[in-house]
Amino acid sequence: MFATAIHGKLLTDASLADYTAWRIGGPADYLYLPANVSDLCAFLASVPTDMPITWLGLGSNVLVRDGGIRGVVVVTQACLHTLNMETATTLRAEAGVSCATLARFAARAGVAGLEFMAGIPGTIGGALAMNAGCYGGETWQYVTAVETVDRHGKLRLRRADDYAPTYRHVVRPVGEAWFVGAHFAGQAGSRETSLAIIREMLAKRNAAQPTGLPNCGSVFRNPPDDHAARLIEACGLKGFTIGGAAVSIKHANFIINQGTASAIDVENLIQHIQKVVQDRYAVSLIPEVCILGEGDKA
């Protein structure tokens, strides 16, 4: 059914728990880890047109349900990881490069502006898909062009203005295509200054967030003129648990896997938080996390 000449790894009925930041999730019918972009193109061209394709980077902004994901799951982490300077202030990164790696690479090259990306716990592909941001910066502020691939394996270079980024969302051109790389532009800066900024940001993050425990990052978008964490904490939900999932004591907009959580535990906790905040403050919290797959049929 699939191309036989691929050089990447193709697994069947493979657990996705190892590929998500929460360390939970059911199996993928097919799990594919590409060797490189050309290998990915050859593989995609062989996928039946009626078979769904799902993409994962570091799995830091997704909840994979316990029943898993049908069709093919393409995992780019540790695969599409080419990163290089193009000019003194521009660089190219493939979709599997972690945002933290890009931030440090740019800083060491004397490129300023991308330091904030060290605080994004995901890959470039995921950051592009949701316009990830933190510490006052957003991914698409610095994007000049992106490279995409469609399900037929055709690559395309597109201008940044072909896309309309908003808060934690990007409106894309019509047609099914995924990001495989991006071109970024920063400003000339100081290596020492940029690295110091990154160290300071990471110290703040580690002090305020449960970075040592399985979590997906921020669970909810911040509502206008407010913060999801403030609302959740004001409702007395810090430490609240359902099954093995708990609202972090350290940061109320984080849900942690205490070691035994299932995806349904996390999903039920998300819904409980939404209900409590809605009932008390009439604010609808919108999940930032993407919920994928099917419920457990057992």
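This tour moves through a predicted model, from one strand and its partners to a second sheet and then to two buried side chains.

**Stop 1: strand 5 and its partners**

Begin by selecting residues 69-75, which make up strand 5. This strand is mostly covered, with six of its seven residues buried. Next, add residues 27-33, strand 2, which runs parallel to strand 5 and is joined to it by four bridges. To find the register of this pairing, display Ala 28, which stands opposite Ile 69 of strand 5. Then add strand 3, residues 53-56; four bridges join strand 3 to strand 5, and here too the two run parallel. In this pairing, Thr 54 stands opposite Val 73 of strand 5.

**Stop 2: the sheet of strands 17, 18 and 19**

Move now to an open sheet of three strands, ordered 17-18-19, in which the pairing is antiparallel. Its edges are strand 17 (241-242) and strand 19 (255-257), each of which pairs on one side only. Select strand 18, residues 245-247, and follow the three bridges that link it to strand 19 in the antiparallel sense. Val 247 can serve as a marker here, as it stands opposite Ile 255 in strand 19. Extend the selection to residues 263-281, helix 6, which packs on this sheet and touches strand 17, strand 18 and strand 19. The direction of helix 6 makes about 30° with that of strand 18.

**Stop 3: Glu 147**

Select residues 143-150, strand 11, and show the side chain of Glu 147 within it. Is Glu 147 buried or exposed? Glu 147 counts as buried because its relative accessibility is 15%, below the 20% cut-off. The side chains of Glu 147 and Arg 92 are joined by a polar contact of 2.8 Å. Beyond residues up to four places away in sequence, Glu 147 touches several others, among them Arg 156, Leu 157, Trp 178, Phe 179 and His 183.

**Stop 4: Phe 184**

Finish at strand 15, residues 177-185, where Phe 184 is found. With 0% relative accessibility, Phe 184 counts as buried. Which residues are in contact with Phe 184, leaving aside its neighbours within four places in sequence? They include Leu 91, Leu 102, Leu 114, Met 117 and Ile 124, together with Thr 139, Tyr 142, Val 143 and Thr 144. Finally, draw a line between the C-alpha atoms of Phe 184 and His 152: 32 residues apart along the chain, they are separated by 26 Å.

Notes. Residues are numbered from 1 along each chain as its sequence is written. This is a predicted model: local features need pLDDT of at least 70, side-chain atom pairs count only at pLDDT 80 or more; totals for chains, interfaces and linings use all residues. Side-chain values use heavy atoms; hydrogens and water are left out. Buried means under 20% relative accessible area, exposed over 50%, partly exposed in between (1.4 Å probe, protein chains only). Two strands pair if DSSP finds at least two bridges between them. Contact means heavy atoms within 4.5 Å. Axes are lines fitted to C-alpha atoms, for helices over the stretch in contact, and angles run from 0 to 180 degrees between N-to-C directions. A polar contact is a pair of N or O atoms within 3.5 Å; within protein, one must be able to donate a hydrogen and the other to accept it, and residues adjacent in sequence count only if both atoms are side-chain atoms.
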